Amino acid sequence: MRTLGTRAWIVAALLVVALAPVPATAAGARTTITFWHAMGGPLGETIKALVDEFNRAHPGVEVVAQYQGNYGQLQQKILASVAAGQPPVVAQSYSNWTEQLLEAKAIVPLDPFVKGPDGWSKEELADFWPVFLEANRWDGTLWSIPFNKSIYVLFYNASLYKELGVSAPADWEALLKVSRAATLKRGGEIVRHGFGLRPNVDQFALFLLTNGGEWLSPDFQKARFAEKPGVEALQFMVDLLHKYRVAYYIEGYMEQDFAAGKVAAYATSVPGRPYVEQAVGDKFEWGIGPLPTRSSRRTPVAGTDLVIFSKATPEQQKAAWTFVKWLVEPQQTARWSMETFYLPVRQSAMKVPAFQEYLRRDPRNGAALVLLPYAVTDPPIQEWNRIRNYISDAVAQAFLLKATPQAALEEAARKTDAELARRR
């Protein structure tokens, strides 16, 4: 169980953003609620379709979905709207944002709704994947509901692997072996690397967790990523790059290089799949598999939850709960997963007939689902954004050979401990 930090909550009140006021509800009219999200492009189209369907099925409620830009922009606008006293009614929120919002009393606890007449039974609560629901509780109280969740997987060139007579690597040793086989030189120059890396905290997570490492101590008072499992993880990544020369790294995304045959495999979250499909087309067959492991199958997950704001009227909060509850029902979370490749947040979604057909249609559609029992969430503390930056800097320093993995991680841990000390 998590406990709240005692550090004062500070918002960037000087942010200048366009704030959408919470509409009032006229007598006899529909209860109107605003829903702020960060789902652009095709994801936004699915959000719109779901919201339109909800509004048709619930004549007493009108949800107004408002795209706020990327996650960083959404966070800034939420903080500024809270500071200005004009927040939305519902919004997406990472768990580290949620802690900040609940300390500011900007959101409402959801247990009264869950336990109310229009709530969930114990069986329905147990239907959520436990790792997702637990990440939404503070001091035993539920403050948010899991929504768009993703998990990290390995994308690989199946045609090339078949040609080489190799399989998707199951562990670190196999990853090195397969990457060596897939690395191609011409005229002394490497024209295809076996594996691709990005210099950031999320890539480090893939190796830290599968090596049995931890981000922080259970009480969130001490960094643990610089311990032996973390140092081994970063050292292995650096060795793939510089010692074995079977990997390379880029700051941006890997899909175009993957499609161009410059890299044979890389790891990213499963919603990256549409970009792979678009980039690769019919150039070759590609596959999805679990991350290569060492001592653990623990796999990082990402994604946001849904929160309801306390500035909303009781009628709006009730309407918001109706919307949130509907959005994560088995039918809707299954549809969301099928159209976006995010994970269904409820286990019974996999019994929905359309979802079962979706799984039968393409084996890759179920590749990420088998990893859910091993899912690990990021630390749900408001300092996590800054800590992520410290770790990303450490990974970049090690990749550039400006510091050893141990020295780089120890420096990041020192900064992290200073951040965590302010929680006490």
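Me: What makes the space of about 80 Å³ a cavity in this structure?
Reply: In this predicted model, the largest cavity holds about 80 Å³ of space. It is called a cavity because a 1.4 Å probe fits there but cannot get out. Its lining comprises 13 residues, and those closest to its centre are Val-270, Phe-341, Tyr-358, Asn-365 and Ala-368. By class, the lining of the largest cavity has nine nonpolar, two polar and two charged residues. The whole structure contains four cavities of 30 Å³ or more.

Me: How is the lining of the second largest cavity made up by class?
Reply: The second largest cavity encloses about 60 Å³. Among its lining residues are Trp-172, Phe-195, Thr-210 and Pro-292. Two elements, α8 (172-182) and α9 (201-210), each give two or more residues to this lining, and α9 supplies the largest share, three residues. The classes are nine nonpolar, one polar and no charged residues. Thr-210 belongs to this lining and counts as polar because Thr is absent from both the nonpolar and the charged lists.

Me: Why is Ser-296 called buried or exposed?
Reply: Ser-296 has 14% relative accessibility. Buried means under 20%, so Ser-296 counts as buried. This residue is found in the loop between β12 (286-289) and β13 (299-308), and touches Leu-209, Thr-210 and Gly-212, not counting residues up to four places away in sequence.

Me: What makes the pair formed by Ser-296 and Arg-298 a polar contact?
Reply: A polar atom of the Ser-296 side chain lies 3.0 Å from the backbone nitrogen of Arg-298. The cut-off is 3.5 Å, so the pair is within it.

Methods: Residues numbered from 1 in each chain as written. Predicted model: local features only at pLDDT ≥ 70, side-chain atom pairs only at ≥ 80, totals over all residues. Heavy atoms only, no water. Helix = DSSP H or I, 4+ residues; strand = E, 2+ residues; numbered from the N terminus. Buried < 20%, exposed > 50% of the residue type's maximum accessible area, 1.4 Å probe, protein only. Polar contact = N/O pair within 3.5 Å; in protein donor to acceptor, adjacent residues only side chain to side chain. Contact = heavy atoms within 4.5 Å. 1 Å grid on protein atoms, 1.4 Å probe; cavity = no way out; pocket = protein on both sides within 12 Å on 5 of 7 lines; lining within 4 Å. Points joined across faces, edges and corners; volume = space filled by probe spheres on them.
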